[in-house]
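Me: I'm new to reading protein structures. Could you walk me through one, feature by feature?

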Amino acid sequence: MVDATTTAPDPCVPELTVVVPCYNERANVEPLIRKLDAALAGIAWEAVYVDDNSPDGTTAEVRRIAQTDPRVRCIRRIGRRGLASAVIEGALSSSAPFIAVMDGDLQHDETRLPDMLASLRGGACDLAVGSRHVEGGDSAGLSSRFRHSLSGLGIRLAQAFLPVSLSDPMSGFFMLPRPLFEQLAPRLTGQGFKILLDLVMSAPAPLRVAEIPCRFHPRLAGESKLDVLVLAQFAGLLLDKVFGGLLPLRFLTFCLVGALGVAVHLAVLTLAREVGGIEFSIAQAAATVVAMVFNFQLNNQITYRDQRLRGPLLWRGLLVFMLVCGVGAIANIGIANTLYENHAAAWTLAGAIGAAIGVVWNYAVSSTLVWRTR
Ligand code: GDD
Ligand code: MN
């Protein structure tokens with residue numbers, strides 16, 4: 001006879017991990033757990049909150065509930081921000097066969113979770129997506145007309161790049177088998193809001209998707225963290241996937257910021273010379289400083305948004321950044337001059353090689369010394 005103690009399913013092992021990325025969602029924690037408890041009756045589940053050290057004490061609230069409910073866990077991340085990377089870490093902490101991703105602000109319809117699970121259990125599909133744009137779904141909860149048109153634009157843009165048909169590629173509510181997630185995890189960019197798109201676009205073969213109609217509820221407490229920068233990251237994600245991850249997204253952003261910096265430099269230089277009548281060397285020095293501060297700010301806001309420096313660290317970072325870029329500029333000029341003077345390259349090519357070496361240096365060194373990336 002088979003030993004029952006080794007074959008009986010252990011009720012402590014969840015079948016489903018609900019990963020809940022959250023930032024400043026304290027007031028929504030307890031209501032969501034209650035809703036999950038009701039919606040998932042009969043299913044062994046756990047909820048993993050991933051909180052980026054929210055100032056409102058979200059972590060403390062999750063831990064308070066976890067004290068009496070072992071199905072609830074919390075991952076508290078310090079010094080980092082980002083929905084997608086939070087989702088990845090939460091999902092990777094799971095040992096359950098299935099993973100759901102769901103917002104922590106009660107906007108997603110938790111009553112759809114059992115249907116999503118049912119569609120995956122038999123293995124007939126790889127991914128269940130809560131969709132607002134199939135029969136029975138709706139997006140009434142989007143806060144404004146602007147958000148509606150933004151969402152529509154994003155959907156059309158994403159669909160142009162997607163390998164599978166998804167009526168709601170911007171959805172943040174979906175479920176998939178954990179082994180599939182683990183397989184795709186190393187390819188994910190982990191940036192921005194659109195982890196679903198990232199997953200679908202990272203799969204080596206098109207995923208079989210089940211779309212489950214969902215209502216998108218209005219937000220009752222707290223506020224949305226979606227902003228223009230998140231949208232810029234979305235565009236970046238598409239570019240990154242289209243270029244096949246050839247160049248890291250962060251590097252492309254860094255280059256783009258650098259190009260804007262050149263424009264700022266030239267604008268300041270022109271103003272100082274033409275309007276201010278300032279001597280070239282002084283105008284050039286002033287333009288360099290302005291462009292560096294501009295680039296530092298933009299990189300801190302966009303390129304390294306997830307590790308943004310603040311307070312005294314900001315000033316330290318600016319100083320180191322200016323030193324790093326100063327060295328980069330010297331290398332750039334030195335190499336270009338040498339190439340040109342030795343007739344190794346025409347002035348255009350010499351200039352371009354110098355600039356390329358400068359930007360790679362600036363990126364490599366500032367991403368370790370100024371913003372410490374992985
Ligand atoms: N850990 C962590 N870190 N969580 C975050 C962060 C962050 O930096 N930013 C946002 N979140 C959490 C929020 O607390 C919330 O639980 C969830 O991620 C979604 O963020 P919202 O700020 O509420 O986003 P939204 O309502 O504008 O966007 C929703 O709709 C989009 C489609 O229109 C989300 O569902 C998106 O996933 C979805 O794509
Ligand atoms: Mn929301």
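Me: How much surface does the protein chain expose, and what share of it do carbon and sulfur atoms supply?

Reply: This is a predicted model, so read every value as computed from it. The protein chain exposes about 18,600 Å², and 63% of that comes from carbon and sulfur atoms. As for extent, its C-alpha trace spans about 85 × 50 × 40 Å along the principal axes.

Me: What percentage of the residues in the protein chain is buried?

Reply: Buried means under 20% relative accessible area. Of the 374 residues in the protein chain, 47% are buried.

Me: And how many helices and strands are there in the protein chain?

Reply: You'll find 13 helices and seven strands in the protein chain. To see how the chain comes together, check contacts between residues at least 6 apart in sequence: 76% of these join residues at least 24 apart.

Me: How do I read a helix? Which residues of helix 8 are buried?

Reply: Here's the general idea: an α-helix has 3.6 residues a turn, so residues three or four places apart point the same way. Now take helix 8, residues 195-202. Its buried residues are Ile195, Leu196, Leu197, Asp198, Leu199, Val200, Met201 and Ser202. That's eight of eight, so helix 8 is largely enclosed by the rest of the structure.

Me: Where is leucine 157, and is leucine 157 buried or partly exposed?

Reply: Look in helix 6, which covers residues 145-161. Leucine 157 counts as partly exposed because its relative accessibility is 41%, and partly exposed lies between the 20% and 50% cut-offs. Together with Phe161 and Val242, Leu157 makes a nonpolar surface patch of about 250 Å².

Me: What about metals? Which residues are the protein donors of the manganese ion (ligand 2)?

Reply: For a metal, look for the protein atoms that act as donors. Here they are Asp105 (OD) and Gln107 (OE1), lying 2.0 Å from the manganese ion. Aspartate 105 is buried, at 4% relative accessible area, and glutamine 107 is buried too, at 8%.

Me: One last residue: where is aspartate 52, and which side chain does it join in a polar contact?

Reply: Aspartate 52 sits in the loop between strand 2 (45-51) and helix 3 (58-66). With a relative accessible area of 7%, aspartate 52 is buried. Its side chain is joined to that of arginine 77 by a polar contact of 2.7 Å. Leaving aside neighbours within four places in sequence, aspartate 52 is in contact with Cys22, Tyr23, Arg77, Arg80, Arg81 and Gly82.

Note on methods:
Residues are numbered from 1 along each chain as its sequence is written. Chains are lettered from A and ligands numbered from 1 in the order in which they are written. This is a predicted model: local features need pLDDT of at least 70, side-chain atom pairs count only at pLDDT 80 or more; totals for chains, interfaces and linings use all residues. Side-chain values use heavy atoms; hydrogens and water are left out. Patches are made of residues with over 30% relative accessible area and no salt bridge: like charges are joined within 9 Å, nonpolar side chains (Val, Leu, Ile, Met, Phe, Trp, Tyr) within 5 Å. Accessible areas come from the Shrake-Rupley method with a 1.4 Å probe; for residues, only the protein chains shown count as cover. A salt bridge is a side-chain nitrogen of Lys or Arg within 4 Å of a carboxyl oxygen of Asp or Glu. Helices (H or I, at least four residues) and strands (E, at least two) are DSSP runs, numbered from the N terminus. Buried means under 20% relative accessible area, exposed over 50%, partly exposed in between (1.4 Å probe, protein chains only). Donors are N, O and S atoms within 2.8 Å of the metal (3.2 Å for Na, K and Ca); water is not among the atoms, so sites may look incomplete. Contact means heavy atoms within 4.5 Å. A polar contact is a pair of N or O atoms within 3.5 Å; within protein, one must be able to donate a hydrogen and the other to accept it, and residues adjacent in sequence count only if both atoms are side-chain atoms.
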